[in-house]
Amino acid sequence: CWRLLPSFNEYSFLGIVPKNYLAGKWISTISIAFIPAIGWLFSGYISVRNLTKQHSMNILLQTRTSTEYVKHAIVAQKYINEEYSKINDDDRNSIIYILNFLEFVSIGIISGELDENIFKQAWKNTFRLTNEIHKDTIIAYQKRIPSIWSNFVWINERWKSEKAIWTPRNEILKDLYIVFGIVIFTITSCFFFVLILSCLIYLFQ
């Protein structure tokens, strides 16, 4: 980019020599302004990530202290591979309550509102066992409403197919990849912005 020191006429950007000192200085100032954007974007990413993790931990803790959830979970655990038709209405409502809750968590994970790694480490077996022991109930409802609990089933299948185990190193690498992406995006945006603006000034000066 052009230098902010005097004699802009001595320098050029992609072969374009600015004839107007103020125009060149303006372009350079805007270009430099993109640099703090890297830090701003990354700090924003960190804030969103921490908020997502905190929200996920709050949900996990609330399930341990919620008497309503615990009551339905105890009832749902009584039925192991039980046929849907043999479950009484009250107990069936408890099973539906648990499946609806896990569907809610699954939607949060898929939409990015909840942290997948946290729930995978804490509830991978819960998802798997719930899907297995209440498979007949899930199938019975999906015959009438194909989309019901589809996100829960999808997340369960996704976790079953993933053999890699999460480690803190994975999280660090993920952050590094995102930082790299932010830097590349900012530099690329800066380059094309200055290029277009330089061409416009060259054409209309």
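## Close-up views of a predicted model

**View 1. Helix α4 bends by about 70° at W123.** Welcome to the first stop in this predicted model. The residue at the bend, W123, is itself one of the buried residues of α4. The others on that list are I118, F119, K120, F127, T130, N131 and I133. As you follow the helix, notice that the buried list includes a lysine, K120, as well as residues such as F119 and F127. L129 also lies in helix α4, but L129 is partly exposed because its relative accessible area is 39%, which falls between the 20% limit for buried and the 50% limit for exposed. Try finding L129 and I80 together: they are 49 residues apart in sequence, yet their C-alpha atoms are 9.3 Å apart in space.

**View 2. D115 caps the N-terminal end of α4.** Which backbone nitrogen does the side chain of D115 approach? It is the one of N117, which lies 3.2 Å from a side-chain oxygen of D115. D115 has a second partner to look for: its side chain meets that of K53 in a salt bridge, with 3.6 Å from N to O. This pair links distant parts of the chain, since K53 sits in helix α1 (residues 21–65) and D115 in the loop between α3 and α4 (116–133), 62 residues apart. Is D115 buried or exposed? With a relative accessibility of 9%, D115 counts as buried, because the limit for that label is under 20%.

**View 3. K78 and D91 form a salt bridge.** Side chains of opposite charge can pair when their charged atoms come close. Here the N to O distance is 3.6 Å. K78 belongs to the loop between α2 and α3, while D91 belongs to helix α3, so the salt bridge ties together parts that are 13 residues apart in sequence. Helix α3 covers residues 89–111. The two partners make a nice contrast: K78 counts as exposed, at 55% relative accessibility, whereas D91 counts as buried, at 11%. Beyond its neighbours within four places in sequence, which residues does D91 contact? They are V75, K78 and Y79.

**View 4. K71 and E68 pair up within helix α2.** Their side chains meet in a salt bridge of 3.6 Å, N to O. How many residues separate the two in sequence? They are 3 residues apart in α2 (residues 67–76), which means that about one helical turn lies between them. Both ends of this bridge are partly exposed: K71 has a relative accessible area of 46%, and E68 has 35%. By the rule used here, the count of salt bridges comes to 7, and the pairs in these views are among them.

**View 5. Helix α5 has buried residues at T137, I138 and Y141.** This helix runs over residues 135–144. Where do the buried residues sit around the helix? Looking down the axis of α5, you would find them within an arc of 100°, so they line one face of the helix. What do these buried residues pack against? Their partners are α3, α4 and α6 (150–161). One of those partners, α4, is the helix from View 1 that bends at W123, and another, α3, is the helix from View 3 that holds D91.

Key: Residues numbered from 1 in each chain as written. Predicted model: local features only at pLDDT ≥ 70, side-chain atom pairs only at ≥ 80, totals over all residues. Heavy atoms only, no water. Helix = DSSP H or I, 4+ residues; strand = E, 2+ residues; numbered from the N terminus. Buried < 20%, exposed > 50% of the residue type's maximum accessible area, 1.4 Å probe, protein only. Contact = heavy atoms within 4.5 Å. Salt bridge = Lys/Arg side-chain N within 4 Å of Asp/Glu carboxyl O. Arc of directions from axis to C-beta. Bend = angle between axes of the 7 residues up to and from the residue. Polar contact = N/O pair within 3.5 Å; in protein donor to acceptor, adjacent residues only side chain to side chain.
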